[in-house]
Amino acid sequence: MSKNKPKVFVTMKIPEEGLKLLAEHVEVEVSEYDGVLPKKVLCEKVKGVDGILSMLADTIDKEVFDAAGPNLKIVANYAVGYNNIDVEEATKRGIMVTNTPGVLTETTADLAWALLMAVARRIVEADRFVREGKFKGWRPTLLLGTDVYGSTLGVIGFGRIGQAVARRALGFNMRVLYYSRKRVDEEIEKRLNATYVDLETLLKESDFVTLHVPLTKETYHLIDEPQLRMMKKEAYLINTARGPVVNEKALVKALKEGWIRGAALDVFENEPEVEPELLKLDNVVLAPHIGSASYATRIKMSIMVAENLIKGLKGEVPPNLVNP
Ligand code: DGY
């Protein structure tokens, strides 16, 4: 690095551990704005910087690259998903893009399971019921849910997180089906007791369908009306991947008309907006994109994102480069 420390703009405050590490090597400016920076402000803030530390809610595109100018060498995303960044455009301009894979795998898999259990056993409804003073004593038919143990789990997307979700299913003696772009090694299938099937089979046979694909042109609305209609009436859809993988309007219809029994969503098509119809439904559990939100994981992510920036700005290949 040159004598003048490179400048990095951080679009939202992240844990101190990462910021401290970063500050040892670069000049850091952290956004003080409470929330996602409006595009105009973001463009002003990144003028002349060498690096941007972005969040998954920031749209980092041509406009931002133009605003930053020729010094910009790297955009390090504080997330494993990087659909918010125009990687093709970045690559054309020689700008590196990095993400934070691995460190959030287990935490996100935990959340997928938390949602699965919550919707199957109606935990959120039950909590509301108690708080509203409706609990008048045990009843044979009070808040009946669906058994998880021994049921069939369908995992769509069988990368790190999909596999971590499947691994947890072993403890519940579940049959695991998976659908993925690529079939994984036989050894992994054996270890996870997972069977590769086509999407249609997975949708038709699973009691719980959980999504773990990145958002790409191919996965946009992967779950739409025809796919929801293929699912069992007693089945549930869990989405901790990206909102636009599911057509939310079709999902509302499915939940209202009983094509499926329920859904649990950590992500939405137009975050942070939530389809108003979803808010009215009892058979859906909603979370505000907290897949990786554990204390420990967010610290690990902050260190990883800082290391990516430091390496990239030193002219080295950052460990989590995603440019092709
Ligand atoms: C990610 O890192 O992409 C996750 O969605 C964060 O929860």
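UniProt positions are given here in the numbering of this chain, and its annotations may be inferred rather than shown by experiment. With that in mind, start from the widest annotation: an unreviewed UniProt entry places "domain: D-isomer specific 2-hydroxyacid dehydrogenase catalytic" at residues 8-323. The model on screen is predicted.

**Stop 1: the annotated spans**

Select residues 8-323. Helix makes up 37% of this stretch and strand 15%. Its end C-alpha atoms are 20 Å apart.

Now narrow the selection to residues 114-291, which the unreviewed UniProt entry labels "domain: D-isomer specific 2-hydroxyacid dehydrogenase NAD-binding". Here the composition is 34% helix and 16% strand, and 10 Å lie between the end C-alpha atoms.

**Stop 2: two domains**

Colour residues 7-101 and 295-313 as domain 1, and residues 105-286 as domain 2. Their centres, taken over C-alpha atoms, are separated by 31 Å. Where they touch, domain 1 contributes five residues and domain 2 contributes six residues. The domain 1 side of this contact has two nonpolar and three polar residues, with no charged ones.

**Stop 3: the five-stranded sheet**

Show strands 1 to 5 as a cartoon. They form an open sheet with parallel pairing, in the order 2-1-3-4-5. Strand 2 (27-30) and strand 5 (96-98) are the edges; each has a single partner strand, so one side of each has no neighbour in the sheet. On average, and ignoring direction, neighbouring strands are turned by 15° against each other.

Next select residues 74-77, which are strand 4; three bridges join this strand to strand 5, and the two run parallel. To find one bridge, pick Ala76, whose partner in strand 5 is Thr98.

Then add helix 13, residues 295-313, which packs on this sheet. The helix touches strand 1 (7-10), strand 3 (51-54), strand 4 and strand 5. Its direction makes about 170° with that of strand 4.

**Stop 4: the seven-stranded sheet**

Move to strands 6 to 12. These seven strands make an open sheet in the order 8-7-6-9-10-11-12, with parallel pairing. Which strands stand at the edges? They are strand 8 (194-196) and strand 12 (284-286); each has a single partner strand, so one side of each is left without a neighbour. The average turn between neighbouring strands is 20°, direction ignored.

Inside this sheet, select residues 208-211 (strand 9) and 236-239 (strand 10), which pair in the parallel sense over four bridges. Phe208 stands opposite Tyr236 of strand 10.

**Stop 5: two backbone details**

Most residues other than glycine have a negative phi, and most peptide bonds are trans. Two places in this chain are worth a look.

Centre on Arg122, in the loop between helix 5 (105-120) and helix 6 (123-131). Arg122 is not a glycine, yet its phi is positive, about 55°.

Then go to Pro272, in the loop between strand 11 (262-265) and helix 12 (276-279). The peptide bond joining Glu271 and Pro272 is cis, with omega about 5°.

**Stop 6: around the ligand**

Finish at the ligand. Show Leu56, Ala79, Val80, Gly81, Leu104, His289, Gly291 and Ser292 as sticks; these are the residues around the ligand. How many of the shell residues are nonpolar, polar and charged? Four are nonpolar, four are polar and none is charged.

Technical notes
Residues numbered from 1 in each chain as written. Predicted model: local features only at pLDDT ≥ 70, side-chain atom pairs only at ≥ 80, totals over all residues. Near = placed C-beta within 6 Å. Nonpolar A, V, L, I, M, F, W, Y, C, P; charged D, E, K, R; others polar. Domains from an automatic or database assignment. Contact = placed C-beta atoms within 7 Å. Pairing = 2+ DSSP bridges. Axes fitted to C-alpha atoms, helices over the stretch in contact; angles between N-to-C directions.
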